[in-house]
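Biologist: I am new to this structure. Please take me closely through one part, the aromatic pairs and the core.

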Amino acid sequence: TDLPVKGGKWFDHMTVGSHLPNYDSMFTLTHFKGHTMGGFGGSNKNIGIGCADGKVGKKWIHEADSGNQWGIAMEELMERMAESTKATIDYFRK
């Protein structure tokens, strides 16, 4: 399922899990967690990575054009993760 990323730098849409549109709300419980490349993950990581489609969306966020999940700059990874989060938050905002 594709959700638009309004005003995105890296994406114009994000591919999320196919069942996400079946829900009208989301509740997020977040614990403090470090991430090797993304710093402290929190809700941004839980939503942005957690809701991204496992075959396409997560790959778009982590790999970019490098073909290597560790070959992306840390700042770019965080921006991509934030845009994925934005797609999900904007969807549930309505």
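Modeller: Here is a walk through the aromatic pairs, then the nonpolar core. Keep in mind that the model is predicted.

Start with the rings. The count comes to two aromatic pairs. One joins Phe11 and Trp60. Their ring centres are 6.1 Å apart, and their planes meet at 25 degrees. Planes under 30 degrees apart count as stacked, so this pair is stacked. Now place the two partners. Phe11 sits in the loop between β1 (2-4) and β2 (13-15). Trp60 belongs to helix α2 (residues 57-63). The pair therefore ties together parts that are 49 residues apart in sequence. Phe11 is buried, at a relative accessible area of 8%. Trp60 is partly exposed, at 28%.

The other pair is Tyr91 with Phe92. Here the centres lie 5.0 Å apart. The planes are at 80 degrees, and the pair is edge-to-face. Tyr91 and Phe92 are both buried.

Next, the core. The largest nonpolar core holds 17 residues. Within this core, Leu3, Met14, Leu20 and Ile61 touch the most other members. Helix α3 (residues 74-93) gives the core its largest share, five residues.

Finally, look at Leu20. Set aside its neighbours within four places in sequence. Leu20 is then in contact with Leu3, Met26, Cys51 and Thr88, among others. Its contacts also include Tyr91 and Phe92. These two residues form the edge-to-face pair. Leu20 thus leads from the core back to the rings: it is one of the residues touching the most other core members, and it contacts both Tyr91 and Phe92.

Technical notes. Residues numbered from 1 in each chain as written. Predicted model: local features only at pLDDT ≥ 70, side-chain atom pairs only at ≥ 80, totals over all residues. Heavy atoms only, no water. Phe/Tyr/Trp six-rings, centres within 6.5 Å; stacked < 30°, edge-to-face > 60°. Helix = DSSP H or I, 4+ residues; strand = E, 2+ residues; numbered from the N terminus. Buried < 20%, exposed > 50% of the residue type's maximum accessible area, 1.4 Å probe, protein only. Core = buried A, V, L, I, M, F, W, Y, C linked by side-chain atoms within 4.5 Å. Contact = heavy atoms within 4.5 Å.
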